[in-house]
Every structure is written in C-alpha cells, then in structure tokens.
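Got the viewer open? Let's take a walk through this one together, stop by stop, with something to select at each.

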Amino acid sequence: MESVRAVLIDIDGVLTVSWKPLPGAVEALARIRGAGLGVVLVTNTTSRSRASVARTLSGAGFEVDVADVLTAPAATAVHLAEHHPGARCALLNSGDVGADLGDVVVADDDRVDVVVVGGAGPEFNYEALNRAFGQLQRGARLVAMHRNLYWRTDSGLQLDSGAFLLGLERAAGVEAQVTGKPSQAFFEAALSRLGVGAEQALMVGDDIESDVLAAQRAGLTGVLVRTGKYRPETHESASGAPDRVVDSFADVPALLGLAQQ
C-alpha cells in the first residue's frame with residue numbers, strides 16, 4: 001500500500017446508509033485526508049446533484065466539498081456531449097439531477113435520439129417503461145447511468161434500475177452504454193481529477209462487481225467493505241476476488257498504514 005496516493009470511495013453503503021454516517025467513517029476520511037492522500041467520492045447516486053451530495057455529507061460531519069464528488073449523472077453529461085452532441089434525450093430517473101446534466105437536451109415527446117435511464121423510483125411504472133421501450137424500437141440509443149440491481153437503505157435492500165434495464169435491453173434487442181460504475185471511463189475520469197495513475201489508487205466499495213472488481217479491471221487496487229449492500233453469498237459467487245476485504249471503511253486507514261490521530 002506504500003504506492004497509494006489517492007483513494008476513490010463509494011458513498012452509499014460505505015460512508016453512509018440513508019445518508020447517515022456509518023460508525024467510524026467520518027474519522028476515517030479525516031485520517032486519509034490528513035495523510036495528504038487525494039480523495040474523490042465516486043457514486044452512482046442519481047437522486048441528488050453533486051452539490052446536494054456534498055452539502056448533505058458536509059452536514060453529517062464529513063470534510064467534503066462539491067469538487068470531491070463525481071456522480072453518474074455528471075459522467076453521463078460528459079458522455080452525451082462527446083458521443084451524442086445535441087441529442088434529444090428522454091430521461092427516466094427518480095430525483096432531480098438537472099444541475100449535473102448541464103446542457104443535455106431533455107425532451108418531453110417521443111422524437112428522441114437517446115433514452116437515458118438513471119436511478120429507480122416511483123417513476124419506473126409500466127407507462128414510463130413501455131414508452132421507453134417504444135422509443136428504443138424506433139431507433140433511440142440506450143444510455144444507463146448504472147446497472148445496480150439494488151441498494152441498501154435503513155429499511156433494507158431496495159430494487160434499483162438495473163433490474164428494469166435488463167428487461168428493456170432484452171425486449172428491445174439493444175445493449176445499454178453504461179456511464180457510471182462499472183464503466184472504465186468512469187474510473188478514468190476519477191483518476192484524471194486526482195492526477196494519479198491507476199496503480200497509485202485504491203477503490204473502496206460495498207458492491208463487489210460494480211465498485212471493486214470493475215476498479216480492479218481498470219488497474220486500481222480494490223477494497224471490499226462488509227457494510228451496505230454487502231452479502232456473503234454475493235461475495236462468494238462473484239466473478240473475481242477483491243484485492244482486500246475489510247469490515248468497514250473505518251478499517252481503511254489502518255490498511256493504508258496510517259497512524260492513529
């Protein structure tokens with residue numbers, strides 16, 4: 001771990017659950033920052049803007065500002081600008097992420113070039129999904145902010161948009177371009193912000209596939225925490241093995257060899 005200069009950290013399930021800090025997480029982040037390591041919070045959260053995420057975490061005691069946060073919607077905006085400039089987009093998402101989408105053109109009619117799928121919520125009803133299906137049949141491209149099947153709240157696991165995305169892909173005979181985790185482009189964007197190479201960075205997450213193994217495929221060291229959506233059976237049946245496994249984010253400073261403050 002001597003070569004680590006920066007840490008990428010998932011938020012939901014790692015630092016917080018339902019935006020409430022997990023035990024020791026605030027102190028652990030402070031120790032990592034105090035050691036001079038770079039930090040970027042990488043999240044597939046699609047219900048809040050980067051500014052809202054930063055305000056909420058700061059209010060909970062974390063030393064965070066908006067420049068530290070990279071969200072799937074922000075990555076989606078970059079992808080659309082680069083690969084579908086000027087495209088008219090249908091957005092299926094729960095939550096207001098307009099601030100992070102920037103100049104993306106969100107259309108209210110069916111004459112769209114791209115269907116963009118964000119995070120699930122009450123908006124993912126039959127009418128909305130069937131409308132997206134129709135748009136895809138008429139030739140629209142499919143872009144997904146992530147493929148998460150579920151996430152953890154203080155009420156337990158909740159179904160996420162990855163479950164609906166699989167159905168849209170199968171029904172329409174298309175494959176989504178994913179812009180958030182686990183896409184390599186998302187991790188590369190985080191590394192670019194930090195100014196470090198993949199071999200100098202650690203990724204800490206509770207999702208073994210989208211957070212940890214995806215980061216490892218991008219060349220980072222992956223650390224899986226046994227909090228949030230972590231489940232032993234998912235760990236055992238995963239497509240690979242994490243570089244490290246710890247009980248919680250509170251254990252990461254010791255893993256990095258950082259002295260207790």
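**Stop 1: the open sheet**

Switch to cartoon view and look for the open sheet, which is made of 5 strands in the order E7-E6-E8-E9-E12. Keep in mind as you go that this is a predicted model. The pairing in this sheet is parallel.

Now select 105-106, which is strand E7, and 177-178, which is strand E12. These two stand at the edges of the sheet, each with a single partner strand, so one side of each is left without a neighbour there.

Next, add residues 88-92 to the selection: that's strand E6, which pairs with E7 in the parallel sense over 2 bridges. For a close-up of this pairing, pick Cys89 and look across to Val106 in E7, which stands opposite.

**Stop 2: salt bridges around the sheet**

How many salt bridges does a search of the whole structure find? The count is 12. Let's visit some of them.

Stay with E6 and show the side chains of Arg88 and Asp109, which meet in a salt bridge with N and O 2.5 Å apart. Arg88 belongs to strand E6, while Asp109 sits in the loop between E7 and strand E8 (114-117), so this pair ties together parts that are 21 residues apart in sequence. Are they hidden or out in the open? Arg88 is partly exposed, at a relative accessible area of 24%, and Asp109 is partly exposed too, at 26%.

Move along to Asp110 and select Arg131 with it. Their side chains also form a salt bridge, 2.7 Å from N to O. Asp110 is in the loop between E7 and E8, and Arg131 is in helix H5 (residues 126-137), so to follow this link you hop between distant parts of the chain, 21 residues apart. Asp110 counts as partly exposed at 34% relative accessibility, and Arg131 does as well at 39%.

**Stop 3: a buried pair and its network**

Select Lys181 and Asp10. Their closest N and O atoms are 2.9 Å apart, making a salt bridge. Where does each partner sit? Lys181 is in the loop between E12 and helix H7 (184-194), and Asp10 is in the loop between strand E1 (6-9) and strand E2 (16-17), so the pair ties together parts that are 171 residues apart in sequence. Turn on a surface here and you can check that both Lys181 and Asp10 are buried.

Add Asp211 to the selection: Asp10, Lys181 and Asp211 are linked in a network of salt bridges.

Before leaving, look at the backbone. The peptide bond running from Lys181 to Pro182 is cis, with omega near 15°. Pro182 is in the loop between E12 and H7.

**Stop 4: Asp100 and its contacts**

Jump to Asp100, in helix H4 (residues 98-101). Is Asp100 buried or exposed? At 11% relative accessibility, it counts as buried.

Show what surrounds it. Leaving aside neighbours within four places in sequence, Asp100 is in contact with Arg48, Ser49, Arg50, Thr71, Pro73, Ala74 and Ala77. Two of these deserve a distance label. The Asp100 side chain reaches the backbone nitrogen of Arg50 at 2.9 Å, and it makes a polar contact with the side chain of Thr71 at 3.0 Å.

**Stop 5: helix H2**

Arg50 gives you a handy way into the next selection, residues 50-59, which form helix H2. Colour its buried residues: Ser52, Val53, Ala54 and Leu57. What do they pack against? Their partners are E2, strand E4 (38-43) and strand E5 (69-71).

Follow the chain past the helix to Gly61, which comes after H2 and has a positive phi, near 110°.

**Stop 6: two backbone oddities**

Finish in the loop between E2 and strand E3 (20-21), where you'll find Ser18. Ser18 has a positive phi of about 50°, although it is not a glycine. Trp19 is in this loop between E2 and E3 as well, and its phi is also positive, near 65°, in a residue other than glycine. Colour both by accessibility: Ser18 counts as partly exposed at 24%, and Trp19 is partly exposed with a relative accessible area of 21%.

Note on methods
Residues are numbered from 1 along each chain as its sequence is written. This is a predicted model: local features need pLDDT of at least 70, side-chain atom pairs count only at pLDDT 80 or more; totals for chains, interfaces and linings use all residues. Side-chain values use heavy atoms; hydrogens and water are left out. Two strands pair if DSSP finds at least two bridges between them. Helices (H or I, at least four residues) and strands (E, at least two) are DSSP runs, numbered from the N terminus. A salt bridge is a side-chain nitrogen of Lys or Arg within 4 Å of a carboxyl oxygen of Asp or Glu. Buried means under 20% relative accessible area, exposed over 50%, partly exposed in between (1.4 Å probe, protein chains only). Contact means heavy atoms within 4.5 Å. A polar contact is a pair of N or O atoms within 3.5 Å; within protein, one must be able to donate a hydrogen and the other to accept it, and residues adjacent in sequence count only if both atoms are side-chain atoms.
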